[in-house]
Amino acid sequence: MLSVKNKTQVSANMLRIAFEVDVPIDWLPGCYIKLRIPNALPGGISPVRTYTVRSYDAANQVLAVDFAIHQPAGPATAWALNAQPGDQIEYRGPGKLRVDPTNGDWHLFAADMSALPAAISIMESLSLDAKGYAFLEVTEEQDRQALHIPEGIQVQWLVHPNPKVKSNQQLEAIRNIKPLAGKPSVFVAGELSTTREIKQFLLQAPTYQSGSHYISSYWKIGLTEEEHKMAKRSAAAG
Ligand SMILES: Cc1cc2nc3c(=O)[nH]c(=O)nc-3n(C[C@H](O)[C@H](O)[C@H](O)COP(=O)(O)OP(=O)(O)OC[C@H]3O[C@@H](n4cnc5c(N)ncnc54)[C@H](O)[C@@H]3O)c2cc1C
């Protein structure tokens, strides 16, 4: 079980909840947990939602999760908005990313608000001489965060006020970069249509034929997490 310790507003549309965890966890940057949202749907159904463990304080067994607040709120978002210190929630995990996102001669990050916690925690873990580009798409200017990451990672914040409308800003930004020397390490995560378009571009661009790629959709416009998972599965099968 996780127990809510406190809540802080990270930015205009990002809420952080610190949880006390009953057993120590194995934390790696970008790892994620499954939260069972208690009695959130009619008939007492408790849906499961996936969230990145933004950080972990092993000494105190406290982990932080950053919730991107979107409206109308789904069960997880509504739960986070209403959570009070002492509230308990069941979780599973953490699960690790299937690719080590810290390898590579240079880095490319593209993330929307849902993937910002993963992208930032990975960037924070890179060696000080790491270099590359990060395109971070947020809902408003006030969602920019102070970053403590290697100076060689050039960050560009992109503002996309309505996440329910597809954005092509990350793709356009990626098209315009000057690739660095050596093998890239790519981390792209966020809305399904956006990540899919970026993947298609990277698959045919000579620069990205080597190196390591983590490209994953974290949600899809108009679909709940269950529906998004099914859409992902059927795309993979087809
Ligand atoms: C590995 C992984 C890690 C993730 N880490 C995080 C994280 O750290 N922080 C985080 O905020 N999210 C994260 N997500 C995304 C999160 O699981 C989804 O956004 C989830 O759908 C939110 O659940 P919900 O109950 O609020 O909405 P749902 O009930 O799933 O969906 C309700 C409606 O809201 C829309 N919606 C869902 N998410 C968003 C969004 N981000 N912006 C706008 N509209 C949305 C849906 O399209 C749907 O129409 C992660 C996902 C994965 C797979």
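**View 1. Two domains contribute to the shell around the ligand.** In this predicted model, domain 1 (2–95) and domain 2 (106–219) each supply at least three residues to the shell around the ligand. The shell holds 27 residues, and Thr52, Ala68, His70, Gly74 and Ala76 come nearest to the ligand. Four elements give two or more residues each: strand E4 (48–52), strand E6 (62–68), helix H1 (75–82) and strand E12 (212–219). E4 provides the largest share, 4 residues. Sorted by class, the shell has 14 nonpolar, 8 polar and 5 charged residues.

**View 2. Domain 1 meets domain 2.** The protein is divided into domain 1 (2–95) and domain 2 (106–219). Their centres, taken over C-alpha atoms, are separated by 24 Å. Domain 1 puts 13 residues into the contact, and domain 2 puts in 14. On the domain 1 side, strand E1 (2–11) and E6 are the elements that give two or more residues. That side of domain 1 has 5 nonpolar, 6 polar and 2 charged residues. E6 also gives two or more residues to the shell around the ligand, as View 1 shows.

**View 3. Seven strands build an open antiparallel sheet.** Follow the strands in the order E4-E3-E7-E1-E2-E6-E5. The pairing in this sheet of 7 strands is antiparallel. E4 and strand E5 (55–57) are the edge strands, and each pairs on one side only. From one strand to the next, the twist averages 35°. Inside the sheet, E1 and strand E2 (residues 14–21) run antiparallel and are joined by 8 bridges. Lys7 has Ile17 in E2 as its bridge partner.

**View 4. Helix H1 packs on the sheet.** H1 touches four strands here: E2, strand E3 (32–36), E4 and E6. The direction of H1 makes about 120° with that of E6. H1, E4 and E6 also appear among the elements that give two or more residues to the shell around the ligand. One of the residues that come nearest to the ligand, Ala76, falls within the bounds of H1 (75–82).

**View 5. Ile33 is a buried residue of strand E3.** Ile33 is found in strand E3. It has 21 C-beta neighbours inside 10 Å, so Ile33 counts as buried; the cut-off is 20 or more. Leaving out residues up to four places away in sequence, Ile33 touches Tyr51, Val53, Tyr91, Arg92, Gly93 and Pro94. Lys183 lies elsewhere: 150 residues separate it from Ile33 in sequence, and 30 Å separate the two in space, C-alpha to C-alpha.

**View 6. Five strands form an open parallel sheet.** This sheet has the order E10-E9-E8-E11-E12, and its pairing is parallel. Strand E10 (153–159) and E12 stand at the edges. Each has a single partner strand, so one side of each is left without a neighbour in the sheet. Neighbouring strands are turned by 10° against each other on average, direction ignored.

**View 7. E11 pairs with the edge strand E12.** Strand E11 (residues 184–191) and E12 pair in the parallel sense. The pairing runs over 7 bridges. Gly190 stands opposite Ser217 in E12. E12 is also one of the elements that give two or more residues to the shell around the ligand.

Note on methods:
Residues numbered from 1 in each chain as written. Predicted model: local features only at pLDDT ≥ 70, side-chain atom pairs only at ≥ 80, totals over all residues. Near = placed C-beta within 6 Å. Nonpolar A, V, L, I, M, F, W, Y, C, P; charged D, E, K, R; others polar. Domains from an automatic or database assignment. Pairing = 2+ DSSP bridges. Axes fitted to C-alpha atoms, helices over the stretch in contact; angles between N-to-C directions. Contact = placed C-beta atoms within 7 Å. Buried ≥ 20, exposed ≤ 12 C-beta atoms within 10 Å, placed from the backbone.
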